[in-house]
Amino acid sequence: MLSLIAAAAVVQAAPPAQPVTVIHAGTLIDVPGRAPKRNASIIVQGRKIVEIRSGFADVPGARVVDLRTSTVMPGLIDSHVHLGGLDDRLQARLQAPVRNEEDEAYTALTNAKKTLAAGFTTVRDLGGDPPGIRALKGAINSGAFVGPSIIMAARMISVSGGHGDPVNGVNRELAEIGHDHQTNVCNGVDDCRRATREQIRDGADVVKIAATGGVLSNVAGGLNQQMADDEMKAVVDTARSFDRKVAAHAHGTSGINGALRAGVSSIEHGTFANDESFRLYKQTGAYYVPTLLAPAAAYKDGERGALTPAQFEKAAAAKGNAEKSFARAVREGVKIAFGTDSAVSPHGKNAEEFALMVRNGMAPADAIKAATVNAADLLGVSAVAGTIEPGKDADIVAVEGDPIANIRLLENVGFVMKWGQVFKANGQRQLTAAD
């Protein structure tokens, strides 16, 4: 009798079967970089891909998603975004004194939805309000909100006066307040170790440094190296002790090369690279994240008066050089991961980066690989993302037509599945359990 009761309890405790979805794909780019498959079925159970079959499979009881006229591929990955903050540079400046962290958090949620709707199911947020981005990441992971999976960097580590120092150019009252929150600003080796540990304490999955000046920091300091070689090495060594990679914001040549010698995992922007830069890229195996959308967007902002004079001067200096460095990186065989710096360019327009990559010498198939396989490798998420294979998360997108023949089709993703839930179908937003 007791054994029967125990058996009944086990039956009652068994979790309900997870729903099954079958996607019928006319063209399937399951592993970008390899030849596409024709007429294939993706079997999804819960949030995972469980099987890929040839032909259009009939699975009793399964929901069927008909994408027979579409090209189906892994969810796209943007390796460089800033989910917090307004897209409009002028409005961001005007509203800065009245916006709180709560405003930034709700803006980040809106931007996350735009990003997912554009087909980007994973992003790396390389600098924002740590509690806000950490909370958004957790809410998305728990299913409370919809958005891409987030790898976060907390605040960018900067030297005093460098790109990333929050009190650049502000009045003395705001500067005094800002100094109380400068956990990311460091000077000297020991202080940079401290700043690295504090970003990790604040939730950083990856650490970001400002190796050089940056366009949008309000200081007339150019785009050259600002963080010293030994400071960068201290950050990299400290991050490695916590099993973290380091991404380096770097425009100027000396900063790019110094960051690569220090052992960073990626160079963000990489605007003024030289022969030594490309030798170091290949020697170290570091990724280059080009963010080609950013300099053009920043220059346009400057033309309409949305930047300060110091910012506009640097935007003019950077304009056009990123594309030259990218074209050479393609020719040199440097490892490239897709990234946009969205926030400098508008959120939800991430896929416009593809056309710039192709225009500057990258084959469309390689551009897709940069936003899937390569980006997953850089972010350390290859076990769950970047390809459509059994055991991986069901992060899947689709477009009508052939994006290898016309890369701009990726600017209009019609289908988005995130963790097995359909977020967008037939170009329209779908309600989910989080709505």
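The disulfide in this predicted model is right-handed, because the torsion about the S-S bond of Cys186 and Cys192 is about 80°. The two sulfur atoms sit 2.3 Å apart, which falls within the 2.5 Å cut-off for calling a disulfide. The count for the structure stops at one disulfide. Both ends of the bond are tucked away from the surface: Cys186 is buried, with a relative accessible area of 0%, and Cys192 is buried too, again at 0%.

Salt bridges come next. Side chains of opposite charge can pair when their charged atoms come close. Across the whole structure, a search turns up 25 salt bridges. One of them brings together the side chains of Arg47 and Asp393, with 3.0 Å from N to O. Arg47 belongs to the loop between β2 (37–45) and β3 (48–54), while Asp393 belongs to the loop between α14 (364–379) and β12 (396–400), so this pair ties together parts of the chain that lie 346 residues apart in sequence. As for the surroundings of the two partners, Arg47 is partly exposed at 33% relative accessible area, whereas Asp393 is buried at 5%.

Another salt bridge pairs the side chains of Arg124 and Glu268, at 2.8 Å from N to O. Here, too, distant parts of the chain are linked: Arg124 is in strand β6 (residues 120–125) and Glu268 is in strand β10 (residues 266–269), 144 residues apart. Are these two partners buried or exposed? Arg124 has a relative accessible area of 3%, so it counts as buried, and Glu268, with 0%, is buried as well.

A more local case is found in helix α6 (residues 189–201), where Asp191 and Arg194 are three residues apart and therefore separated by about one helical turn. Their side chains meet in a salt bridge, with 2.8 Å from N to O. Asp191 is partly exposed, with 25% relative accessibility, and Arg194 is partly exposed with 25% as well. Buried residues have to fall under 20%, so neither Asp191 nor Arg194 makes that cut. The pair also belongs to a wider network of salt bridges, which links Asp191, Arg194, Glu198, Arg201 and Asp202.

Turning to the strands, an open sheet is built from four of them in the order β8-β9-β10-β11, with parallel pairing. Which strands stand at the edges? These are β8 (207–210) and β11 (287–289); each has a single partner strand, so one side of each is left without a neighbour in the sheet. From one strand to the next, the twist averages 25°. Strand β10, the home of Glu268, is one of the members of this sheet.

At the β8 end of the order, four bridges join β8 to strand β9 (residues 246–250), and the two run parallel. One specific pairing in this part of the sheet is that of Ala210, whose bridge partner in β9 is His249. Helix α7 (residues 229–241) packs on the sheet here and touches both β8 and β9. The direction of helix α7 makes about 180° with that of β8.

Notes:
Residues numbered from 1 in each chain as written. Predicted model: local features only at pLDDT ≥ 70, side-chain atom pairs only at ≥ 80, totals over all residues. Heavy atoms only, no water. Buried < 20%, exposed > 50% of the residue type's maximum accessible area, 1.4 Å probe, protein only. Salt bridge = Lys/Arg side-chain N within 4 Å of Asp/Glu carboxyl O. Pairing = 2+ DSSP bridges. Axes fitted to C-alpha atoms, helices over the stretch in contact; angles between N-to-C directions. Contact = heavy atoms within 4.5 Å.
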